[in-house]
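Q: Could you take me on a close look at one part of this protein? I'd like to start from a single residue and see what sits around it.

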Amino acid sequence: MFKRLRKWREDRRIKKLAFTTEQWESAIADWPVMQRYQGEERDALREMSFHFLARKTFLSGAEFQFTDAMCLKIATMACVPILHLGLGWYDHWQTIILYEGDFVPNRPYRTEDGVVHAKSPGLSGEAWEQGPVILSWQAICQSGAKTHHGKASNVVIHELAHKLDMLRDGANGAPPMHPDMRPGEWHDIFSAAWDRLENDLQHHRSLPLDDYALTSPAEFFAVCSETFFETPETMKQDMPKVYGLLCQFYRQQPLPVAASKMQLAGNN
């Protein structure tokens, strides 16, 4: 009964929003990742994005005047990771706050030298465990394969990966495992990848992803996720075991595999 009521409300909301396929295509036309999604997958992603917008609330940060096209693009970026998982994975949060540029959290901040400052530095995105996702439109526009010091960047996928991570014991780099996955394997492979990259960083060797990943296990998963979708070639070449695990978790193969076909998840 409740599912039918929710679907009825969502359908009404989507009809009221009145987004068209043409509007959606225009909004996501400049994001290269979308070239990967064609046919049935593209149609499913469009419909999921409309449902996402029906379920979530967008609020302005610092009176930023955002547009429908911006919301469509953000919704699509948010839905790419869960295309084969379902929107239910985002049911535990409701709101996106969108700023034009970086935002400054109103909380103390401790630098590496131990000095505590009254406010944090500007951020391009943040996900609260019991609250909203906060995003910078400027950072979203800078998404791409080599847009952050030559590394992959996508603040929407990054922050939404945190939200997925938070579904199991908080943000610790270990989201809920599917029944066919082994938590021990996840821990071992991600730990080995972390150790190798940390060693590379200490010896000034080039990393396949942004070194911000080595801030914490939660950031490692989030940065790996944005790299997985933005530059899967790099990840598969330099971190093949992590790439394989993310294929299992997200139920996607960013790099085509012969005779590999995954069943699309429903919106519920």
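A: Let's start with Thr-95: setting aside its neighbours within four places in sequence, Thr-95 is in contact with Thr-57, Leu-59, Pro-132 and Val-133. Keep in mind that this is a predicted model. Thr-95 is found in strand β2. Is Thr-95 buried or not? Its relative accessibility is 19%, so Thr-95 counts as buried, given that the cut-off for buried is under 20%.

Now step back along the chain. Strand β2 covers residues 95-99, and between helix α4 (68-79) and that strand there's a loop, which holds His-84. You might wonder whether a loop residue like this one is buried or exposed. His-84 has a relative accessible area of 8%, so it is buried. Its side chain has a polar partner too: His-84 makes a polar contact with the side chain of Glu-41, at 2.8 Å.

On the other side of that loop is α4, so let's see what this helix packs against. Its partner here is α6: the two axes are 8 Å apart and the packing angle is about 50 degrees. That makes α4 and α6 oblique to each other, because an angle of this kind falls outside the parallel, antiparallel and perpendicular ranges. The crossing of α4 past α6 is right-handed. Which residues meet there? From α4 come Ile-74, Met-77 and Ala-78, and from α6 come Val-156, Ile-157 and Leu-160. Here's a handy idea for reading those numbers: an α-helix has 3.6 residues a turn, so residues three or four places apart point the same way.

Follow α6 and you reach another helix. α6 (155-165) is among the elements that cover the buried residues of α10, and so are α7 (183-202), α8 (217-230) and α9 (232-238). What are they covering? Helix α10 spans residues 240-250, and its buried residues are Val-242, Tyr-243, Leu-245, Leu-246, Cys-247, Phe-249 and Tyr-250. After α10 comes Arg-251, with a positive phi near 60 degrees.

One last stop is a hairpin. Strand β7 (residues 144-148) pairs with strand β8 (residues 151-153) in the antiparallel sense, over 2 bridges. In one of the pairings, Gly-144 has Ser-153 in β8 as its bridge partner. There are 2 residues between the strands of this hairpin, and His-149 has a positive phi there, near 55 degrees.

Key: Residues are numbered from 1 along each chain as its sequence is written. This is a predicted model: local features need pLDDT of at least 70, side-chain atom pairs count only at pLDDT 80 or more; totals for chains, interfaces and linings use all residues. Side-chain values use heavy atoms; hydrogens and water are left out. Buried means under 20% relative accessible area, exposed over 50%, partly exposed in between (1.4 Å probe, protein chains only). Helices (H or I, at least four residues) and strands (E, at least two) are DSSP runs, numbered from the N terminus. Contact means heavy atoms within 4.5 Å. Two strands pair if DSSP finds at least two bridges between them. A polar contact is a pair of N or O atoms within 3.5 Å; within protein, one must be able to donate a hydrogen and the other to accept it, and residues adjacent in sequence count only if both atoms are side-chain atoms. Axes are lines fitted to C-alpha atoms, for helices over the stretch in contact, and angles run from 0 to 180 degrees between N-to-C directions. Angles under 35 degrees count as roughly parallel, over 145 as roughly antiparallel, 65 to 115 as roughly perpendicular and the rest as oblique. A crossing is left-handed if the near helix is turned anticlockwise from the far one by less than a right angle, and right-handed if clockwise.
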